[in-house]
Structure formats: structure tokens, C-alpha cells
Amino acid sequence: MLKGKNAIITGASRGIGKAIAIKFAENEAFVGVNYFKSHNEAVETLNKVREYSDGILLRADIGKYEEAKNIVQRFVKERGKIDILVNNAGIYKRQSFRYMNEEQWDKTIETNLKSCFNMCKNVLPYMKKGKIIFISSQLGLKGSSHGADYSASKAGILGLMKSLAIELAPDIKVNAVAPGTIDTDIIADYTKEQRRRRETEIPLKRIGLPEDVASVCLFLASDLSDYITGETIIVSGGLYMR
Ligand code: NAD
């Protein structure tokens, strides 16, 4: 479905980003695997990507403008153009607003939201036609009692997504995915009891898999979604419905 397409995926060393990288490679895209700290995990992702297609590692803290610029330049030197950008990298430190300090607020906004500015700004000169996908969160739609910084960053992403969808139409389609609870390191601190309770709350009766999100990203990256822009698809097993 993505034969001949060049894709950059941020935060692809593990979790949802890794699943997207593999799914895109299975569908014959060339994949730029961005990661920040986890070199060995990123190499694992790249090895999986190379079982199906090809790709390169792109090490950067994408919250930093110059680092984002550098990896985009490296990718373009290799491939000439960019067809798909997935803004996936993100952090979530559960903390109530009362106890959150300024440093945490700034770090979350930098990593989750400013990174999207950094990547989109640098990618756009090399994307004449294409697809941009943002990974937001159900918490960006409904708010959170223990992550105001996270919710604000994920809601901000949706504002950016819709603005770009209008501004970049018709050649570039811009959409978002809002996952619910997905089984990655982000929920590694859940106790058995918390997992069981969450599974009961979810109408589809299971915590989501990274592949559940990756499949929707594949749809949004492919020609199948060519008449969709400015949309947010919730992937929560029915946990959150608008
Ligand atoms: P994860 O912690 O497993 O993966 C996060 C990825 O982002 C990692 O590869 C990490 O290296 C990367 N990253 C973090 N800071 C970075 C930086 N400064 N520069 C480059 N890369 C950086 O988490 P995940 O669950 O796979 O999360 C992926 C995305 O999905 C995030 O944006 C997250 O907010 C979102 N999300 C996850 C869930 C969930 O339940 N897992 C729910 C809703 C939204």
C-alpha cells in the first residue's frame, strides 16, 4: 500500500512508533526510524523494517529544532523527498496539576507539541504531496485528572493538525489518531488490578495493542484515505466516544 513512499516516524524505537515503522515497511515504504535515547531498541526496529523493506536510523531529540532539522536533512540526502510524516514521539509523566512543576510542564510541551512544529517545519519544504499523521490521545479530547500538561499538549496537537489540514490542502492531507489505553511502556506502571479494571471498562474488553494504532496509521498514510483531512480517529476500543 505504500510502495515507493518515504516515511519518517518519530519515536520509533519502541511501542506504537515501532509498530507503525514495521507496518509501513511491510507495505513497502522506506522508513526513517527516529529515536532519542534507546539506540539498541532502534536498531531492533530497523532490523525488523529491513525484513520487509529498507530504512535508516535518525537519532535526535526532536524537541530541539536544530536536531529535528538535522535528521530531516539526512533523510532527504538519502531519499530526495518525504511522502509521509508520523509525529508519534511523546512522553507522559502522571502527575496532578497541583504538584506539577514548571520544568515538567515545559518538558512535556517541548517533547509532545513543539516537536511537531519542529518536524513539520523542516519536512514541509520536501513534501510536495503527502500525508502527515499526528498521534494525539483520548486525553487530548477529554482532559485528565493526572496529566494536564499531557492533555494540553495532545489537544494542542489537534489544533495544529486541523490548521495544517486547511492550510496545506489539497496536496497534503493531515490527520490525527487518538489512542486510548495501549499496551506499551507508557502503561508499564499499571498494577495487575489497574489493568484488570481498565479491561473491564473498555467496551471491546481488552487493552489495545500498538498494532491496533499502526493499522489506522497505515490507512491514513495510504491512498485509501485520500478524501479525509483534518480528522481525528479514536482508537480506544470504545473507551472514549464523542
Ligand atoms: P513509548 O514510551 O513506548 O514510546 C515513546 C517513544 O517516543 C519512544 O520511542 C521514545 O524514545 C520516543 N521519544 C520520547 N522523547 C523523545 C524525544 N525527545 N525525541 C525523540 N523521540 C522521543 O510510548 P507509546 O505508548 O508507544 O507512545 C507513542 C505515542 O502514543 C506518544 O505520543 C503517546 O503520547 C501516544 N499515546 C500512547 C498511549 C498509550 O496508552 N500507550 C495512549 C495515547 C497516546
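In the predicted model, the buried residues of helix H4 are Gln104, Thr108, Thr111, Asn112, Ser115, Cys116, Asn118, Met119, Cys120, Asn122 and Val123. These buried positions pack against strand E1 (6-9), helix H3 (65-79), strand E4 (84-87), strand E5 (130-135) and helix H6. In an α-helix, residues three or four places apart point the same way, because there are 3.6 residues a turn. The 22 residues of H4 would be expected to span 32 Å at 1.5 Å a residue, and this agrees with the 30 Å that separates its end C-alpha atoms. H4 nevertheless contains a kink of about 40 degrees, which is centred on Glu110.

One of the contacts made by H4 can be followed from Asn87, a residue of strand E4. Asn87 has a relative accessible area of 3% and is therefore classed as buried, the cut-off being under 20%. Apart from neighbours within four places in sequence, Asn87 is in contact with Thr10, Cys116, Met119, Cys120, Ile132, Ile133, Phe134 and Ile135; Cys116, Met119 and Cys120 are among the buried residues of H4. The loop between H4 and E5 holds Leu124, which is partly exposed, with a relative accessible area of 23%. When neighbours within four places in sequence are left aside, the contacts of Leu124 are with Ile132, Leu168 and Ile172. Leu124 and Ser236, which are 112 residues apart in sequence, are separated by 30 Å from C-alpha to C-alpha.

Helix H1 is mostly covered, nine of its twelve residues being buried, namely Ile16, Gly17, Ala19, Ile20, Ala21, Ile22, Lys23, Phe24 and Ala25. For H1, the expected span is 16 Å at 1.5 Å a residue, in agreement with the 17 Å between its end C-alpha atoms.

Several details of the backbone lie in loops. Most residues other than glycine have a negative phi, and most peptide bonds are trans. Glu28, in the loop between H1 and E2, has a positive phi of about 75 degrees although it is not a glycine, and this residue is partly exposed, with a relative accessible area of 40%. Lys205, in the loop between H7 and helix H8 (210-221), likewise has a positive phi, near 60 degrees; Lys205 is exposed, with a relative accessible area of 52%. A cis peptide bond, with omega about 5 degrees, joins Ala169 and Pro170, and Pro170 is placed in the loop between H6 and strand E6 (172-179).

The largest pocket encloses about 1200 Å³ of space and is lined by 50 residues, among which Gly90, Ile91, Tyr92, Thr184 and Ile186 lie nearest its centre. Two or more residues of this lining are given by each of helix H1 (15-26), strand E2 (30-35), helix H4 (102-123), helix H5 (138-142), helix H6 (148-168) and helix H7 (192-201), with H7 providing the largest share, four residues. By class, the lining of the largest pocket comprises 16 nonpolar, 21 polar and 13 charged residues.

The second largest pocket holds about 190 Å³ of space. Its lining consists of Lys5, Asp83, Ile84, Lys129, Gly130, Lys131, Asp171, Lys173, Ala221, Asp223 and Asp226, and these residues divide into two nonpolar, one polar and eight charged.

How values were computed:
Residues numbered from 1 in each chain as written. Predicted model: local features only at pLDDT ≥ 70, side-chain atom pairs only at ≥ 80, totals over all residues. Heavy atoms only, no water. 1 Å grid on protein atoms, 1.4 Å probe; cavity = no way out; pocket = protein on both sides within 12 Å on 5 of 7 lines; lining within 4 Å. Points joined across faces, edges and corners; volume = space filled by probe spheres on them. Nonpolar A, V, L, I, M, F, W, Y, C, P; charged D, E, K, R; others polar. Expected span 1.5 Å × (residues − 1). Bend = angle between axes of the 7 residues up to and from the residue. Buried < 20%, exposed > 50% of the residue type's maximum accessible area, 1.4 Å probe, protein only. Contact = heavy atoms within 4.5 Å.
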